[in-house]
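Let's take a friendly walk through this protein, from its overall build down to a few individual side chains. Keep the structure open beside you as you read.

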Amino acid sequence: MFKSVRTFMRRAMHKGNTFKTTVAQGTFVAATAFGLAIVCMVLGVLITMFHYRIDQIYWEHNSEKFVYDGYKDLPEEYKGFLFVNAPSSFPEFLYKNNANAFFSYKYEEMDAPYDFVTVGQLMRLHNCGSAIVFPKNSDELLSNGEKLEVLTYIRTDRTELYDANEYQENILKLYDKYITAENGNPQITIKPAEADLTGVSTTNPLKSSLYGFIAVVPLIIFIIILYTVMTGGTNVIAGEKERGTFAAIILTPSPRAAIVVGNVLGISALAVIPASIVCFLAFLLTGKFNVIGLVIAILLVISFAILVAAITILISIINQSVVSAQTAFLPVFLIILGIAVNCVQKLGIFEEFYLYFPLYGHFFGIGNALVAGYNYYTNYIPGAIVCIVLSLVLACLVMFISTKLLYNEKFMTNEGGLSAKEIRKSKKKHKSLGLDKLVNHAIFPVAVLSFVQLLALVPTAITYMRNDIYSDFITNLKDVSGIMDIMSVMSEILAMFLSSPVFLISMAIGYVILIAIYCLKVRVIERDRKPLQSIGFTGNHALRDYLIGLVVGFSLLSAVCLILVLAGNLSFHGIAVNTSTIGVVLAGIPMWFVQGASEEIMFRGYMIPRLEKKFGKIIAILYSSFLFAVLHGANIGFTWLAGINLFIIAVFFALIYYYTGNIWLTCAAHTAWNFCQGSLYGLEVSGSTSGVSILNSSYSASASPYFTGGAFGPEGGLAVTIVTVIGIVIMSVLLYKKSSKK
């Protein structure tokens, strides 16, 4: 085995270094474009570092003059400078420094400094191109010797304003000195923060000259590995098939696993060598070499190369030519590069948990290892180790799949170098494994649901930004650290939004859009003239089935609550809704109706019949139920018991779907279940805290989270397990009797 692995490893390194077939045009264009992009980025970083140094020297000589040359090129409607909630000493400071000769200064007061919409309106009202927003109680904070956390805003519709942030920081630095000199206060740290949509202030102790450096080096390493693995990995197996030489390899006594592992190690070695050289040079250029950081960085490079090589070999096995393999790998190439670019954007808001996940962990881990000597983030090693182990586990899983594919004749050989047309005809004759269908059914619901939920969040977020409660909430985010704190914050946000009719109505509209997307997919892509019937809305007794479903959903959830009450875990305390909250409850009703229908369309009406055609009824039920549970896996309070419950709930609804032949009943049952859980009984719905409910309920002090579900709600507890298992038994009996009559 090991001898075979070494043989194929050497063969892969040799074959991966040479091209004996045509390179895909799209691959060539993409690689060339990214090569030019990386050159431009490196030049940009060098220019930025040089420009930064010149600006620092210029500032040191002209700091007392408030120099900002860009103002003279601005139209009059951009020459103003807005100060919001300015301390009483700030206008005097500007007057003493004779700064009014350069700008027209305006002053305003507002309660919500993070309301960028209002700040933008004020900037346009006063013809201002930039603004500095102080805390509402600035004078009180200064009198107590506390620091001010200041937000800076710049209008983005004029490129001349992009350098104004340095001017803003200079003003704040001088004001800091002024306050210390005038009042004799201790040194006050004023933290300017460029506000984005969230407006969260962040700090980073990394030197400015290294900030761009750790963004460029991991990106270069990513591109080197991706390009080397793509060009080599697609050539070693798909190229052999195209040349008709792979049959001889298959006929040797070498194990299939040795072919896969040897090629993966050989191709990854080709990529690791140049990437490691870049990594080593980068460590030398930082000026503070550290052996541990270099070792961790090299291990991250190796694990990343092995993972990408494993994916490439899998693609190479599935395809029959180098061109088709490279074309298939191109989306992977672009997705991983997209993640790398996203990492660059997240450098300013770096969080520890990024280090633990493959791709993100590789990028941030290499960057942290480079500058660990500068105290950017020294405790990166545990996350890097987890990332390396996870990557190797994923790579082993991919190699296992590749080995299994090599036992399928369709993926082994391409005798005689068939033409592309002959290959396409051959593919139609052979029945594929259907892995692409499983992947598509997993990705599409996530993508569509993420899109519509994002649309629903936008109007709600804008509405809350005008509220001073939102500003206080955002200000408190500076103390958030770690995954548990993030989950807690998400819970608070959901509770706040679920109490807003705007959010509930927006969610209802979003779910309607989701249903429309599925109908459009069936009508346009699948060319079905009756999309509603194709996604499960069939039958002659729709109204009857829907009403029965409402009763079923209400009865099931009420039975869950009854079990909790009898067990002493739950109690009710009368009516909770009143005249001020009835609007929220009413706004939630249409949201629950379309929400239940949309999830039933995704996982029952659309997915099950299409999976059944390919894999049979049992696989269709199990796979769709598994995806239904996984989709809720990121929800607050999710546990292993919650996952099991969601899986068996989905199985129960799937059995109802098969019994009725449509999704009318399951849509209604799903709607009634969620409505009763959240809006009627006031319990958590899959981790979402109910905003306003009709009844007032609470868990007892002795309630067990294993029974109640804890933060996830009843769906994470044994009460739901009991009710759902009974429901599955009943439906199984009904289905058996129905099949016996046929």
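## Overall build

Take the contacts between residues at least 6 apart in sequence: 78% of them join residues at least 24 apart. Please keep in mind that this is a predicted model. The protein has 742 residues, and 48% of them count as buried. Its secondary structure consists of 28 helices and seven strands. About 35,000 Å² of the protein is exposed, with 65% of that area supplied by carbon and sulfur atoms.

## A helix and a strand to look at

Helix α25 covers residues 640–660, which makes 21 residues. From first C-alpha to last, α25 reaches 31 Å, close to the 30 Å expected at 1.5 Å a residue. Is α25 mostly covered or mostly open? Of its 21 residues, 16 are buried, so "mostly covered" is the right description. Just past the end of α25 you will find Gly-661, with a positive phi of about 80°.

Now turn to strand β4, residues 148–154. Five of its seven residues are buried, so β4 is largely enclosed by the rest of the structure. Strand β4 runs antiparallel to β3, and four bridges join the two. If you would like a pair to find on screen, Ile-132 has Thr-152 in β4 as its bridge partner. As background, side chains in a regular strand alternate between the two faces of the sheet.

## Salt bridges

Side chains of opposite charge can pair when their charged atoms come close. How many salt bridges does a search of the whole structure find? The search finds four. Three of these pairs, including their N to O distances, are set out here.

| Acidic residue | Basic residue | Closest N to O distance |
|---|---|---|
| Glu-109 | Lys-136 | 3.9 Å |
| Glu-526 | Arg-610 | 2.9 Å |
| Glu-600 | Arg-604 | 2.6 Å |

The salt bridge between Glu-109 and Lys-136 links distant parts of the chain, 27 residues apart. Glu-109 sits in the loop between β2 (104–108) and α4 (116–125), while Lys-136 sits in the loop between β3 (128–133) and α5 (138–143). Lys-136 counts as partly exposed, at 46% relative accessibility.

The salt bridge between Arg-610 and Glu-526 also joins distant parts of the chain, with 84 residues separating the partners. Arg-610 belongs to helix α23 (residues 582–615), and Glu-526 lies in the loop between α20 (501–525) and α21 (531–534). Arg-610 is buried at 16% relative accessibility, whereas Glu-526 is partly exposed at 33%.

Where do Glu-600 and Arg-604 lie? Both are in helix α23, four residues apart, or about one turn of the helix. Both residues are buried.

## Cysteines

How many disulfides does the model contain? The count comes to zero. Cys-676 shows why a pair can miss the cut-off: its sulfur is 8.1 Å from the closest cysteine sulfur, in Cys-561, which is too far for a bond, because a disulfide needs the two sulfur atoms within 2.5 Å. As for surroundings, Cys-676 is buried at 2% relative accessibility. Cys-387 is buried as well, and its relative accessible area is 0%.

Technical notes
Residues numbered from 1 in each chain as written. Predicted model: local features only at pLDDT ≥ 70, side-chain atom pairs only at ≥ 80, totals over all residues. Heavy atoms only, no water. Buried < 20%, exposed > 50% of the residue type's maximum accessible area, 1.4 Å probe, protein only. Contact = heavy atoms within 4.5 Å. Areas by Shrake-Rupley, 256 points an atom, 1.4 Å probe, with all protein chains shown as cover. Expected span 1.5 Å × (residues − 1). Salt bridge = Lys/Arg side-chain N within 4 Å of Asp/Glu carboxyl O. Pairing = 2+ DSSP bridges.
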